[in-house]
Amino acid sequence: MAMGFSLYLFLLFVHLALCCSWIQGQTLPRKTTSDVNQVSGKSFDYIIVGGGTAGCPLAATLSEKFSVLLVERGGSPYENPLIMENKNFGLSLVQTDEYTSVAQSFVSKDGVSNLRGRVLGGGSAINGGFFSRASEDYVKRVGWNKQMVSDAYKWVESRNAFKPKLTPWPYVAELSLLEAGIFPYNGFSLDHIEGTKIGATIYDEQGRRHTSADLLMAGNPNNITLLLNATVTSIIFHKKGNRNVTVVRGIRFIKSDGSSSQTHEAYLNTQNNSRSSTGDVILAAGALGSPQILLLSGIGPPKHLNKFDIPVAVNLKSVGKGMQDNPSIALVPEVADAKPKNFPPDSPKVIAIADDFKLIVGSMILPISFNATIMLISGKLAFPESEGQLELNSTDPRKNPSVTFNYLATEKDMAECVKLGRLLEQIVRSKSIAYFLGVEGKRRNESMSTDDELRKLCKNNVRTFYHYHGGCTMGSVVDKNYRVFGIDGLRVIDGSTFLESPGTNPMATLLMLGRYQGIKILQEREKMLKP
């Protein structure tokens, strides 16, 4: 009897430990609300628009010393098992709409379907979870401090990055990449290095996803006010002094569900009862959201703003320009005719970096419905030349803006895509995949595609790798400190500032960027306080 009771206590302890671990991952700042009235009219040292991949670590860092309002247009991810559990990878993307789903669907003017996050955690809540740093060359090109970048990556990795457990399919994918000649084999690595490697993942050993939202509790949660399910409509400005300088005063926002048309406001704290503030409104709403908010606020090309009767606050013609999405194509391995297989979803864990870093190839098993999956070998062009632009569709901030990426518009991009297509063909025809799928020696057509056939494949089947960026690019819209040109008190810190997508997957670098720039801002403020 005593032994049975001891076993019961032991099992209860294990259960509670697991539950507490789960609860800890769910914890949000105590001042979390979806009631816009609780925030309306209040003031903060910093206001961050977008609780996504960069916004959450930025809020956590600034909260160490200052009060922060973090506004997210979506809700919490923690109650949604389609987001949080690895076994449900990809299912949150199956059913999407423009206004309510955690992944908001949009179609570029190129005709390519795409997605953007609408949930606390942003892209880190709906993506494949693959975690890999940017290259050292990228860090140099952007002009970041190497040691500070390393420290910021480590801060994120100590909380949100894990070595993955490989299921059978990633092992097979790994062998197929090596069969195709993508060497060296680098094993497990966080670094962006040429060859085949296993990357980190934001899924932990129990299969739970750790989004950027987890990082909020790494700051001072008592200094964070988190407003969920609220959409920012525009930025509030005023003119300062005889110099007629445009200065940010706060934000306007509405309820995301459209149940009320009432507009609310929140403000930056001011100094000594003056209208001057020392903090900033920081846009971290992503490559679509941040340029959209700037345009809705009257910051952008006057000719475009006039079409929507938006008063011009600042003539900044580069807003919405430089939009890029890494062109991607995918091939599906042939499955044995006799026994079609429906494999469980499997997030990407193995990646290949080839052709002097120009081509990146990965694999996954992705749901196409709640009871069917597809096995994909896909790749992207790491450095496309083609770029497009973003414009408003309407003045409703909940609606997607119009975006054109101009995929494969240059001959160089098309030539690289042909090279990628040839590499993907080699991979899907590997002996490793054939053996795994039971088609060894049963292929109907062993001939490789011609260049013309691959060009047609690229043109007709170009797709997204979901790594789109630009619209508020550094040097055109923001300076090296991510301050918007021509305005005091406004920054943009997210993927819209990127001139290229860093590493194999930008998520790790966006997480790092939020921490990195948060530290830089704290250092700036500390210098201001010194006599």
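This report describes a three-stranded sheet with its packed helix, and a pair of helices in contact, in a predicted model.

## The open sheet

Strands β18, β23 and β24 form an open sheet in the order β18-β23-β24, and their pairing is antiparallel. β18 (321-323) and β24 (402-404) stand at the edges; each has a single partner strand, so one side of each is left without a neighbour in the sheet. On average, and with direction ignored, neighbouring strands are turned by 35 degrees against each other.

Strand β23 spans residues 388-391 and pairs with β24 in the antiparallel sense over 3 bridges. Within this pairing, Gln-389 has Thr-404 of β24 as its bridge partner.

## The helix on the sheet

Helix α7, residues 286-296, packs on the sheet and touches β18 and β23. The direction of α7 makes about 55 degrees with that of β23.

## The α2 and α12 pair

Helix α2 (residues 55-62) and helix α12 (residues 507-529) have axes that come within 7 Å and cross at roughly 30 degrees. Angles under 35 degrees count as roughly parallel, and α2 is therefore roughly parallel to α12. The crossing of α2 past α12 is right-handed.

On the α2 side, the contact is made by Pro-57, Leu-58, Thr-61 and Leu-62. On the α12 side, the contributing residues are Leu-511, Gly-514, Arg-515, Gln-517, Gly-518, Ile-519, Ile-521 and Leu-522. Sorted by class, the contact comprises 7 nonpolar, 4 polar and 1 charged residues.

How values were computed:
Residues are numbered from 1 along each chain as its sequence is written. This is a predicted model: local features need pLDDT of at least 70, side-chain atom pairs count only at pLDDT 80 or more; totals for chains, interfaces and linings use all residues. Side-chain values use heavy atoms; hydrogens and water are left out. Two strands pair if DSSP finds at least two bridges between them. Helices (H or I, at least four residues) and strands (E, at least two) are DSSP runs, numbered from the N terminus. Axes are lines fitted to C-alpha atoms, for helices over the stretch in contact, and angles run from 0 to 180 degrees between N-to-C directions. Contact means heavy atoms within 4.5 Å. Angles under 35 degrees count as roughly parallel, over 145 as roughly antiparallel, 65 to 115 as roughly perpendicular and the rest as oblique. A crossing is left-handed if the near helix is turned anticlockwise from the far one by less than a right angle, and right-handed if clockwise. Ala, Val, Leu, Ile, Met, Phe, Trp, Tyr, Cys and Pro count as nonpolar, Asp, Glu, Lys and Arg as charged, and the others, Gly among them, as polar.
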